[in-house]
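Welcome! Take a moment to turn the model around on your screen, and then let us walk through it together, one region at a time.

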Amino acid sequence: MEGTFSIFEKLVSIIRASGFIDIVDILLVAFLIYNMLVLVRETRAFQLLKGILVLVLLYAVTSFMQMKALPYIMGKIFTFGAWALLIVFQPELRRALEQVGRSKFSNWAGFKLSQDNNIASGTWAELINSIGDASTYLSKRRIGALMVIEREGKLGDIIKTGTVIDCKPSGEILGNIFFPNSPLHDGALIIRDGRLHAAGCFLPLSQNYEISKEMGTRHRAALGMSEQSDAFIIVVSEETGMITVARDGKLKRGYTKEQLVKELTDTFMPSVDERQDKKFHIKVRQWADKHSQEQSGENK
């Protein structure tokens, strides 16, 4: 055992002497800084970060010029500033840690506690078409709706704020949930594992004040949820009937039924081609189209 440890020490000393560890250290620091900038680039934190960099530069210049008062004051500010940064950047830090938890590395390292969503393709196809039908119905009648499809990040704390219904998806049920003055219409619908899991849930509102004035509370809630999770969120505007999708802290408006169904399919059913052949994937698509045609025929 001691011989093995001494060999390991010699190997480490050789690697250190070669400078390889220093190169790896520099690359890791550069990687972390780059990802931090990417994380905060389109948030309010980016403006705060630029302000901090200006203060650091000013501190360096005044210290180099051997000033007394200003460097002293700024030094005291920086001493307590680290704690202030933890409070100011709390949403970004939480988002970064959640992204690390959802990364492939964490899954490979054995930290994945949740089970894989090996849901049948037919279940996803039924859900996607139900959402497409319901969104179109609600959009034409300008009935507001807010639907959140759970992905890797679990939304148990959000589900607790609503009422668990746990039922199979259908356009009729979705229409009834969001029908005006119904018991569960005022809130978000959480969809888990291809099923309508909970309704009337409350979502965190985004603190991004650059959102258009045309967007109301539903859009702000959808954006806030997308900033704090990897969920796929669909909003139907009560004022305009416009269908909007919120993902990764961004809103994309003006979806048609076909565009919405396509994006949902690309998001939740890409693994069909990986697990099985393309013929099976085509059969699933055909089943979904047939199901949609049958529903449209019944509505007529």
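## A serine that reaches along the chain

The side chain of S170 comes to 3.2 Å from the backbone nitrogen of I173. This is a predicted model, so please keep that in mind for every value that follows. You will find S170 in the loop between β2 and α9, the helix of residues 171–177.

Is S170 buried or exposed? Its relative accessibility is 16%. Since buried means under 20%, S170 counts as buried.

## The chain as a whole

Let us step back for a wider view. The chain contains 13 helices and seven strands. It has 300 residues, and 34% of them count as buried. About 19500 Å² of the chain is exposed, with carbon and sulfur atoms supplying 61% of that area.

The contacts also say something about how the chain is put together. Taking contacts between residues at least 6 apart in sequence, 62% join residues that are at least 24 apart.

## The seven-stranded sheet

In what order do the strands of the sheet lie? Reading across, the order is β2-β4-β3-β1-β5-β6-β7, in an open sheet of seven strands with mixed pairing. At the edges are β2 (163–167) and β7 (250–253), each of which pairs on one side only. On average, neighbouring strands are turned by 20° against each other, direction ignored.

As general background, the strands of a sheet pair through backbone hydrogen bonds, either parallel or antiparallel. Both senses can be found around β3, so that strand deserves a visit of its own.

## Around strand β3

Strand β3 covers residues 188–192 and pairs with β4, residues 195–201, in the antiparallel sense over four bridges. One pair to look for is R192 and R195, with R195 in β4 as the bridge partner of R192. The two strands form a hairpin with two residues between them. In that turn, D193 has a positive phi of about 55°.

Strand β1 also pairs with β3: the two run parallel and are joined by three bridges. Here the bridge partner of I149 is I191, in β3. Strand β3 is mostly covered, with four of its five residues buried.

## Two helices across the sheet

Helix α10, residues 217–228, lies across β1 (145–149), β5 (232–236), β6 (243–247) and β7. It runs at about 175° to β5. The helix has twelve residues and reaches 17 Å from its first C-alpha to its last, close to the 16 Å expected at 1.5 Å a residue. Its buried residues are H219, A221, A222, L223, G224, M225 and S226. These buried residues pack against β1, α8 (156–159), β5, β6 and β7.

Helix α11, residues 257–268, lies across β1, β5 and β6, at about 165° to β5. How far apart are its end C-alpha atoms? They are 16 Å apart, which agrees with the 16 Å that twelve residues should span at 1.5 Å a residue. The buried residues of α11 are L260, V261, E263, L264, T265, T267 and F268.

## A buried aspartate between α10 and β5

Now look at the loop between α10 and β5, where D230 lies. With a relative accessibility of 9%, D230 counts as buried. Which backbone nitrogens does its side chain reach? A polar atom of the D230 side chain lies 3.1 Å from the backbone nitrogen of E152. The side chain of D230 also reaches the backbone nitrogen of G153, at 3.1 Å.

## Aspartates with a positive phi

Most residues other than glycine have a negative phi. Against that background, two further aspartates are worth finding. D166, in strand β2, has a positive phi of about 45° although it is not a glycine. D166 is partly exposed, with a relative accessible area of 40%.

The other is D248, in the loop between β6 and β7. Its phi is near 55°, again a positive value in a residue other than glycine. D248 counts as partly exposed, at 48% relative accessibility.

Notes: Residues are numbered from 1 along each chain as its sequence is written. This is a predicted model: local features need pLDDT of at least 70, side-chain atom pairs count only at pLDDT 80 or more; totals for chains, interfaces and linings use all residues. Side-chain values use heavy atoms; hydrogens and water are left out. Two strands pair if DSSP finds at least two bridges between them. Axes are lines fitted to C-alpha atoms, for helices over the stretch in contact, and angles run from 0 to 180 degrees between N-to-C directions. Contact means heavy atoms within 4.5 Å. The expected span of a helix is 1.5 Å times one less than its number of residues. Buried means under 20% relative accessible area, exposed over 50%, partly exposed in between (1.4 Å probe, protein chains only). Accessible areas come from the Shrake-Rupley method with a 1.4 Å probe; for residues, only the protein chains shown count as cover. A polar contact is a pair of N or O atoms within 3.5 Å; within protein, one must be able to donate a hydrogen and the other to accept it, and residues adjacent in sequence count only if both atoms are side-chain atoms.
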